Amino acid sequence: MEYEKLDEKAILSWRIRRIISFFVILITVVAGLLILNNTELDNNYRNYIYIATGLLLLYKLIGIILYPIIEYKQWRYAITEDKVEIRHGIFFITTTVIPIIRVQHITISRGPIYRKLGLSAVKIFLASGSFEIEGLRENIANTISENLKSRVMERLNKE
Amino acid sequence: MKFGPTRGNILLIFEHFLKDFGLVLLLLFVTIWKGPQIVLANLQFVALVFINPISVLVKYLFTKYSIDEEKMRIDSGLFVKKTMEIPLKAITTVDLSQNLLFQIFKVYKIKADNSSQTNDTAKQAEVIMALKKEEAFYVKDLLESKGDLKEQEQIEKQSDEILQPIITCTASDFVLLGILQSKLLYIITTFSAVFGGGTYIFSILFEEVDTSAMIEKIMNLFSPVVGIAILVLMVYILGVVSSAIVTVFRYFNYTVKNREDALIVEFGLFTKKSYTLKKEKISGVTIKQSILMRVFGYCSVEVFIIGYGDSSEGNNKELSILYPISKLAQVNYILDEILPEMSFERKYHKSEKTSLRYFFFCARMFFAIGIILGVSIVILIGSVNTYMFAILGASFAFLIFTMISVYLEYLNAGIYANTKVVSIRSGILAKKMTFVKTGKIESISQKTNTWKKRKGFTTIKLGFLAPLRVSNIRARNVSNKQFEEVNGILIL
């Protein structure tokens, strides 16, 4: 089975998302540290809290640079006659197999970052949940969506 | 139009009487006891008491139900009008129930569930109405008929003549279930009710008595060790008794009838319930054994179908019980009888010996190690005292228990698959065997990391139609071959 890869712009989109979440954490941490400075706490504990906070921020910074690249390398999907297979993850790789006959409906979504980069995400809905193929070029997302839709219609007509 | 449009019976607004009208009753009680002055002085809070009753009344007045040959239609909303149509073919369970008030006025509550309730629209797609007896049975038949009422009537007529309960459970069975099943939830609830709410109400009713001084006086009668032992024993006994009483009342006169197309489950003392579980809509079953059940060879069976076992009354979650308690051999026999389309073999592929190490990579192990590290750091900083060493000792004991639990989890893990059923076995002290119809599986996922993948191990998760709380069933650290096997069967 031949796996397809996502568009390379997906790396940038994930990076932007991580930067936004980094700043949210940074603001929270700064606020927390300001409150901490006004409390009477043993200096030893205060130092440990500073170290832990510093490590968390460093981890998040490394995540911005490194994780999108790893994630992109791991992301694969394949659509065959009878199934959709999605593989993704950073440290833990999740592989999901969905028989096409179980697909209920499909949606294409484009958030502000995706719109700016010309990307789309295809969300596949089953009765028991949903799965997403993200970071696709718009025309590829449309093709996948049309392809799956026609299979769903085929199934409904048979029923 | 075969039924409606109608709002149903007004008694529906009293469905959750205590929840919606409890505060009004309390207000009435306080007014009678303490006089109207206290109420008049706190009018701003008194207004809050009427929010719930008014909202249920508005919801009742602005909701109308109708049923035709193909679908059920619900029109609702005061300011934002909403219309929901549910095809009769999508309905999975229809249940009738009566609480005490409904029994007095011969009114039934009908609850119809459909497949879409597994996702986030769950509550919105739930249909609940109250009707007089004749209307209620007519609507139940209509909803179950998929539009063909005649065929449905024929099935029921034929069946009613020969239909005898295939599973019956007496009060003693439920007392046994109450004693053998896990008590943790009941113990916590009872403990918080007795020591939280109890002392609070006591302090309100008897203002002149100092409750904390009284508790201190009682505790002083015993040494700390004996006091704690008595407290733990008391709470455990209270937990066992409350669990047994709740279970007996809820599942009183429990029977399951095996109809050609459905299983009919009936039970209840104060609130009588009748569920019709369409066999074709059943996704699977799970056989559960608590540690005590395993010792005495008992088990209980739950069934997976949308609409059964996902409602709750107060703090008590209702379970999707099919066979409350019985010997394992009897359960096997009955399951083969009522769900013959499923195969209940037990040829599990167990987790291989080399996969044991991966079981130790779990949250509770990291938590236990984290506690030890944390306590060690505090000791290293300078807080060296016997108290900290006692905590460190307790943390090591916790680590040993965690390691034992991980090993037990490894022993219980297993999976097997064939064209009829996929089964996953899991658990630590309590054991759970889940059987899902292969045809009902909608997706299969495997989660693994690079090292585990290299050694050929993976964790498998099945996606199937079931209430949310049971749909997350996983076979941990089994061979990758098992994933390929299930994958192959699924696409067939």
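## Exercises: strands, domains and a chain contact

Strands 4, 5 and 6 of chain A make an open sheet, in the order 4-5-6, with antiparallel pairing. This is a predicted model: local features need pLDDT of at least 70, side-chain atom pairs count only at pLDDT 80 or more, and totals for chains, interfaces and linings use all residues. Residues are numbered from 1 along each chain as its sequence is written, while chains are lettered from A and ligands numbered from 1 in the order in which they are written.

**Exercise 1.** Find which strands are the edge strands of this sheet.

*Solution.* Start with the terms: strands (E, at least two residues) and helices (H or I, at least four) are DSSP runs, numbered from the N terminus. Two strands pair if DSSP finds at least two bridges between them. Next, look for strands that pair on one side only: these are strand 4 (103-109) and strand 6 (129-137) of chain A. Neighbouring strands of the sheet are turned by 20° against each other on average, direction ignored; the axes are lines fitted to C-alpha atoms. Finally, follow strand 4 of chain A to strand 5 (119-126) of chain A: six bridges join the two, and A:Thr107 has A:Lys123 as its bridge partner.

**Exercise 2.** Work out which strand of chain B is joined to strand 3 of chain A, and in which direction they run.

*Solution.* Strand 3 (92-99) of chain A is joined by six bridges to strand 21 of chain B, and the two run antiparallel. For a landmark, take A:Val97, which stands opposite B:Ile444. Now widen the view to the whole contact (C-beta atoms, placed from the backbone, within 7 Å): chain B gives 20 residues and chain A gives 17. On the chain B side, strand 21 (441-449), strand 22 (457-464) and helix 18 (480-491) each give two or more residues. The largest share, eight residues, comes from strand 21 of chain B.

**Exercise 3.** Determine which helix of domain 1 of chain A gives the most to the side that touches domain 2 of chain A.

*Solution.* First set the bounds, which come from an automatic or database domain assignment: domain 1 covers 9-73 and domain 2 covers 77-158 of chain A. Their C-alpha centres lie 32 Å apart. The contact takes nine residues from domain 1 and seven from domain 2 of chain A. Helix 1 (9-37) and helix 2 (43-74) of chain A each supply at least two residues of the domain 1 side. Helix 1 of chain A gives the most, with six residues.

Definitions and conventions: Contact = placed C-beta atoms within 7 Å. Axes fitted to C-alpha atoms, helices over the stretch in contact; angles between N-to-C directions.
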